[in-house]
Every structure is written in C-alpha cells, then in structure tokens.
Protein chains: 4
Amino acid sequence: MTLALNQQELSDYLQEIFPQVHRDFPIDALDMDGITMRLKVGEQHLRPGGTVSGPSMFALADVAVYAMVLSRLGRQALAVTTSSSLDFLRKPTAGCDIVARGRLLKLGRTLAVGDVLMHSDGSDNPVARATMTYSIPPERQ
Amino acid sequence: MTLALNQQELSDYLQEIFPQVHRDFPIDALDMDGITMRLKVGEQHLRPGGTVSGPSMFALADVAVYAMVLSRLGRQALAVTTSSSLDFLRKPTAGCDIVARGRLLKLGRTLAVGDVLMHSDGSDNPVARATMTYSIPPERQ
Amino acid sequence: MTLALNQQELSDYLQEIFPQVHRDFPIDALDMDGITMRLKVGEQHLRPGGTVSGPSMFALADVAVYAMVLSRLGRQALAVTTSSSLDFLRKPTAGCDIVARGRLLKLGRTLAVGDVLMHSDGSDNPVARATMTYSIPPERQ
Amino acid sequence: MTLALNQQELSDYLQEIFPQVHRDFPIDALDMDGITMRLKVGEQHLRPGGTVSGPSMFALADVAVYAMVLSRLGRQALAVTTSSSLDFLRKPTAGCDIVARGRLLKLGRTLAVGDVLMHSDGSDNPVARATMTYSIPPERQ
C-alpha cells in the first residue's frame, strides 16, 4: 500500500476542509510508518494553571488518526470517530507544544484504528497515549 | 455517605475555580445518584458541518465526573484525569445542547471512576458514553 | 423494535453454538431494556488468592453484549468484538457469582455498542464496568 | 532506572506465584525497553471455530504489563489492574502462538501504565492492542 496523499497534499486538504484545525495542528512528518503532528499550544488549549487541557490532547490524537486515514484513502472527509481511549501519563511541560506520533494499526473496509503517543516538545517522557477508531462509510467505495 | 457540596455550593465553587468552564457546563441537577450537566452548545463547540465536536463531548464527560468528585470531597481542586474511554454512538441533533447524566461508580482513597451517558437535549437516544478515572492526590488527607 | 429471540430462544441458541460458554454464563433475565447474565464462578475463573480473574470478567461482559446483539438480530453467530474498555472497581466477594447487567446503547447497521455493570451476587457496589463494541458483518443483510 | 528482576529472575518469580499463568505465558525477552511475552495457544484459549478467544488475549496483555511492573519493582505481587482498553484488529492465524510486545509508558508512585501490541507468531500485522493501568498499593513503600 502507498500514501494516497503525501505530506503537502494532506496539509493542503486539511487546510481546505478544516482551516481552524489545520492551523492548530500542523503536520511535522508523514510516511507509511505514521504521522508526526504538533499541537501549537495557545491560550485556548490551556486550563487554569497553565496545563494543556485534556480536550486539547483528545483533539490532537483524534486529528492525527483522522489525518492518517485521509493520507491512505485520499480526499474524502467522511470518516467519523466511533471509539476512543486516552490515558494521561504526566503533566505536560508548561509553554511547550505537544508532539504526537501516530501509527495506523488497521485500515479495514469499514474500520480504521490508530494509536498515538504524545510528548511535550523536547521531552522524552510521554504525557499521554490514545487509541482512536474511525468508521469509514461505505459511500467511499 | 453524603454530599460535601450541594448543587448550589458546587456551582459556586466551579464558578470560582473554572469560570469559563462553568459558563459552558452548567449543572442541571445533583444528588447522591449522580449529576446532570449540560453543554450549552456555542460556535466554539462545533466542527465544520455543525456537529458538536468530539473534544467538546470529551470535555463535558470530564467536567461531569470531576464535579461529582468535588461534590463528595468538598472544595479541593486537585484531582486529575488519568484514564478515559469514550464511544460516539450517534450524530447529535444540530442546534441542541448536549445533556450528560453521570454516576460515580467508585470513590476510593486514590482513584475515582464515573461514567456518563450523553443525549441531545430532548432526545432519547444517547449520542455518546464515557468513563473517566480520576486520581486523587494524597494531599487531601 | 422488538426482540428477535426471547430469553428461552436465546439460551437455546447459545447452548447450541457455545455450549461451554452457555454453561458458565446463564441468562437470568432479558428484555428490551437489557440483559442480566451470571458468571457461575468455578475454579477455572479464579486466580491465586481466590479472586475472580480479570479475563473472566472480560468474558462475562463480552458474552453479555454479544447475547444482547443476538437477541435483536436473531440466529446469526457472526458479530465480532472490535473495541472494549473495562474498569475494575472493587475486589469481588469471594465465593460469589458475578452478576452483570447490560444495556445496548447502539445497534447500527455495522456497529453495536453495549455497556455492562458487574456486581458480586447480593452486593450493591459494582466490581467492574465494561463497554464492548461489536462489528456486524454485512452478510447479515 | 534499572530492572529489579532480569528475565530469568522474573520467570522464576512468576513460576513461584502464578505457576499456571507462567506455563501459558512464557517470557521471550525482557529489557528496559519492554517485554516480549508469548501466549502458548492451547485448546483452552480457543473459542468455537478455532480462533484465539478475546479473554485469552486480554489475559496476555494483562500478564505482560504486570510482568513489566514486577521487573521494575521486584518481588512483590500486589499491583492490581484498574483500567484497560483492548482493540481487536484482525483474526489471529489459526494454530499460531500470539506474541505480545509490551512497553511501560509510566511507572509512578501509585499508577503504572503499559501498552501491548499482539501479533500471530511469524506475522507482521497486529491482531490486537491493549493498554493496562495498574494500581500500586502504598504498602510497597
């Protein structure tokens, strides 16, 4: 299997369909082994105290797996998240972006599953991990 | 066991520590059986197409369980989410608030676990379910 | 929607396709609100120390949701588990059966989701909770 | 940090405390990067049709993370599973052992989190993934 969209094409497509999302979650790297996606941390991603919020890390993992699915299937924005699990492991470093490394574990006819490990930029210890399952509608066929 | 904070006291405390969160997630009901919390859906909770976003539903479940923990432990803002699972079941009704019904399944010395069922306001079919585990720091003792 | 199989018909079908499973996991009750299924605890379900093992509770939750799916779809043994989450809340009471109460949250065209709350027989406090997602193959249509 | 128990010491300890478990789940490799554990598939791990059962894969992931925790903490059998998530990705190859590769994502004062990727022996495509959270009792200190 090959990538239907390379990094630039995928960035362009995300910019087109989700401009707000794409600005906050740029793609650092993409290949058949997976994706590296960044959460550019701004005020709106913090909760009181200055920590990156749980919903922001959920969003990062969700977008990272979605982007991997698009990179394989091409320009079709229809997959929807059905199941997710997320574990918070450590407090993120204040003032740092969060960098997610995702890999696609399954891309089936109706379901895709990816997992994601998230670090504070420049740190070795993961701050969170997530698994996301996407349902792929039959209309794509 | 009894509630350390009733609905009004809990609302006041959330307003004090998380004013932004409290505005978006008011408490409709609270008793020993659980909590009913509302996501007042605004533009910031929607993704393109008008559906309530996954991160917004994650936030609703997370805040609902956190609020239940506070209602039992009293005014101490220290518990942190450690594990979560979330299943998306149906597309929410456009333009409707999401109403979450949460119950606390465990309140132990170091861990609290709650689950949450979410509906579009006025609808019988759940749009999502979630389980949230909170770690309670020993400092509270 | 109605039940395609009532409690007796579902028991008979499970006995036919999974005789071993059916012996360990009898159905106490079944209606449109959900299922009550029992783990008849034997030596093979215990781990050293006498506690009911995690895999046995996983099996109970998995079979309970599977049985609910069958009760709606009828005699077709093809659904497979795709995602699951399970939280262990308390140590089960030694020497007691585990009683699971399950409800079906979604029965879609390709996915079914159910959650399950498990108690030691005769106790009010849950020992575990689980959510199970089943994929329903298109062959059923 | 170093290993408190090397592969041989850990095998000896598992043999001592869980002889039945150790026979079914031998350790193929252990180092600071993680563990490789095998499910030696026997009749008792199969469900009708010959597929490795979900509860057997749950058990493999659970034991693999437990063994990693022991390898770091030493001879103390007290950690208990609190949360788990498991995704089934593909049907295992009939007649093959399942090989799990686990890594410890967090080893905190009260919680340890590990994730596990499982393959049919000799195959490249994962059949399942799991995350397990263990609670570490304070008595250890």
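In this predicted model, twelve strands form an open sheet with antiparallel pairing, in the order β1(A)-β2(A)-β4(A)-β5(A)-β6(A)-β3(A)-β3(B)-β6(B)-β5(B)-β4(B)-β2(B)-β1(B). Two strands are taken as paired if DSSP finds at least two bridges between them; strands (E, at least two residues) and helices (H or I, at least four) are DSSP runs numbered from the N terminus. The edges are occupied by β1 (27-31) of chain A and β1 (27-31) of chain B; each has a single partner strand, so one side of each lacks a neighbour in the sheet. Neighbouring strands of the sheet are turned against each other by 20° on average, direction ignored. Residues are numbered from 1 along each chain as its sequence is written, and chains are lettered from A in the order in which they are written. Local features need pLDDT of at least 70 and side-chain atom pairs count only at pLDDT 80 or more, whereas totals for chains, interfaces and linings use all residues; side-chain values use heavy atoms, with hydrogens and water left out.

Within chain B, strand β5 (residues 111-120) and strand β6 (residues 126-135) run antiparallel and are joined by nine bridges. In this pairing, B:D115 stands opposite B:T131 of β6(B). Helix α3 (residues 54-73) of chain B packs on the sheet, where β3 of chain A and β1, β2 (34-39), β3, β4 (98-107), β5 and β6 of chain B are touched by the helix, whose direction makes about 145° with that of β2(B). Contact here means heavy atoms within 4.5 Å, and axes are lines fitted to C-alpha atoms, for helices over the stretch in contact, with angles from 0 to 180 degrees between N-to-C directions. Helix α3 (residues 54-73) of chain A likewise lies across β1, β2 (34-39), β3 (80-88), β4 (98-107), β5 (111-120) and β6 (126-135) of chain A together with β3 (80-88) of chain B, at about 145° to β2(A).

One residue of helix α3 of chain B is B:V65. With 0% relative accessibility, B:V65 counts as buried, the class being defined as under 20% relative accessible area with a 1.4 Å probe and protein chains only. Leaving aside residues up to four places away in sequence, B:V65 touches B:G114, B:V116, B:M132 and B:Y134. The C-alpha atoms of B:V65 and B:M37 are 9.7 Å apart in space, and the two residues are 28 apart in sequence.

In chain C, six of the six residues of strand β2 (residues 34-39) are buried, so this strand is largely enclosed by the rest of the structure. Burial extends to both faces of β2(C), with C:G34, C:T36 and C:R38 on one side and C:I35, C:M37 and C:L39 on the other. Strand β1 (residues 27-31) of chain C runs antiparallel to β2(C) and is joined to it by four bridges, with C:T36 as the bridge partner of C:A29. The connection between β1(C) and β2(C) is a hairpin of two residues. β2(C) also pairs in the antiparallel sense with strand β4 (residues 98-107) of chain C, over five bridges; here C:I98 is the bridge partner of C:L39.

Chain A is superposed on chain B by a rotation of 180° with 0.0 Å of shift along its axis (RMSD 0.0 Å), the fit being by least squares on the C-alpha atoms of residues with pLDDT of at least 70 in both copies. That is the relation of a two-fold axis. In chain A, the residue closest to the rotation axis is A:S85, at 2.1 Å (C-alpha). Both copies use the same surface, as 100% of the contact residues of chain A recur in chain B. The contact involves 17 residues of chain A and 17 residues of chain B. The area buried between chain A and chain B is about 1400 Å², 61% of which comes from carbon and sulfur atoms; buried area is the accessible area (1.4 Å probe) lost by two parts on being put together, summed over both. In chain A, A:P55, A:F58 and A:F88 lose the most area to chain B, together 34% of what that side buries. A:F58 and A:F88 also belong to one aromatic cluster with B:F58 and B:F88, ring pairs being counted where the centres of Phe, Tyr or Trp rings (for Trp, the six-membered ring) lie within 6.5 Å. Over all chains, the structure holds 14 aromatic pairs.

A rotation of 180° with 0.0 Å of shift along its axis also superposes chain B on chain C (RMSD 0.0 Å). The C-alpha of chain B nearest this axis is that of B:S85, 3.4 Å from it. Of the interface residues of chain B, 100% are also interface residues in chain C, so the copies meet through the same surface. This contact takes 14 residues from chain B and 14 residues from chain C. Between chain B and chain C, about 1200 Å² is buried, with 54% given by carbon and sulfur atoms. The residues of chain B that lose the most area to chain C are B:L89, B:L105 and B:R129, together 39% of what that side buries.

Technical notes:
Buried < 20%, exposed > 50% of the residue type's maximum accessible area, 1.4 Å probe, protein only. Phe/Tyr/Trp six-rings, centres within 6.5 Å; stacked < 30°, edge-to-face > 60°.
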